[in-house]
Amino acid sequence: MSVSANDFRKAMGCFATGVTVITVDQDGEVHGMTANAFTAVSLDPVLVLVCVDHRARTHAHLHARKRFGVNVLRSDQQAIAEYYARSAETHQHPEAAGAHFDRTAQGTPVLQGALAYLECRLHSTQTAGDHTIFIAEVEEVVVRDGEPLLYFRSLYRDIKKIEKVRS
Ligand SMILES: Cc1cc2nc3c(=O)[nH]c(=O)nc-3n(C[C@H](O)[C@H](O)[C@H](O)COP(=O)(O)O)c2cc1C
């Protein structure tokens, strides 16, 4: 029995997640991709994974650079998630979406104001269907106060608004 892509998307959409932007240096430019197929893998060593579509430009950049950042978005960064969910050879106007970047000592772009940042060095890859699982060692983290941007049933959700409805 095979599951249709639509049913699979619907079922996975019930699994509420945070939203990240994967950042990678591309010849001195910032390349970003919105991703929620991100999870912790191991504590010793500290490993995470992100699943990336073979068709995404980010796929080639991660293979080439072997280092990337994971920026966990804050509740007021939906415009940034939308911006980096659009495929582009070069992202020309990130500041119009409110995205500004610093660089780590390793040269990886870090999104200003994100809830958390993880500096990742590629550990291994595994092809899985039409995606590749990029497993990476976390070399550094930054954690800030604030609320997360959420993604549930194909919509961005603001946790503060959900809390307001409940109270
Ligand atoms: C909320 C959300 C989560 C996403 N998660 C992923 C993901 O985990 N992996 C992936 O390959 N694409 C994911 N995408 C799609 C990419 O962001 C999109 O295909 C993007 O245009 C790829 O950019 P690129 O071609 O510049 O790399 C997601 C999109 C949205 C809106």
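Let me begin with a convention: a residue is near a molecule or strand if its C-beta atom, placed from the backbone, lies within 6 Å of it. With that cut-off, 17 residues surround the ligand, and the closest are Ala35, Ala37, Ala56, Thr58 and Ser87. Please keep in mind that this is a predicted model, in which local features need pLDDT of at least 70 and side-chain atom pairs count only at pLDDT 80 or more, while totals for chains, interfaces and linings use all residues. Residues are numbered from 1 along each chain as its sequence is written.

Staying with the ligand, the shell has ten nonpolar, four polar and three charged residues, where Ala, Val, Leu, Ile, Met, Phe, Trp, Tyr, Cys and Pro count as nonpolar, Asp, Glu, Lys and Arg as charged, and the others, Gly among them, as polar. At least two shell residues come from each of strand 3 (29–35), strand 5 (47–53) and helix 2 (57–65); helices (H or I, at least four residues) and strands (E, at least two) are DSSP runs numbered from the N terminus.

Which strands make up the open sheet? There are seven, in the order 3-2-6-9-10-5-4, with antiparallel pairing, and a pair requires that DSSP finds at least two bridges. Strand 3 and strand 4 (38–42) stand at the edges, each with a single partner, so one side of each is left without a neighbour in the sheet. Strand 2 (residues 20–26) pairs with strand 3 over seven bridges, and within that pairing Asp25 has Val30 as its bridge partner.

Now to the interior. The largest nonpolar core has 30 residues, of which Val21, Ile22, Val50, Leu73, Ile80 and Ala81 touch the most other members; such a core is a set of buried Ala, Val, Leu, Ile, Met, Phe, Trp, Tyr and Cys residues joined through C-beta atoms within 7 Å. Among the elements that each supply at least two residues of this core are strand 2, helix 3 (78–83) and strand 11.

Is Pro109, in strand 8 (residues 109–111), buried or exposed? Pro109 is buried, because 22 other C-beta atoms lie within 10 Å, the thresholds being 20 or more for buried, 12 or fewer for exposed, and partly exposed in between. Beyond four places in sequence, Pro109 touches Thr23, Asp25, Val30, Gly69, Phe101 and Arg103, contact meaning C-beta atoms, placed from the backbone, within 7 Å.

Finally, the hairpin: strand 11 (residues 149–152) and strand 12 (residues 155–158) run antiparallel, joined by four bridges, and Leu150 stands opposite Arg157. Two residues lie between these strands, and Arg153 takes a positive phi near 50 degrees.

Note on methods: Two residues are in contact if their C-beta atoms, placed from the backbone, lie within 7 Å.
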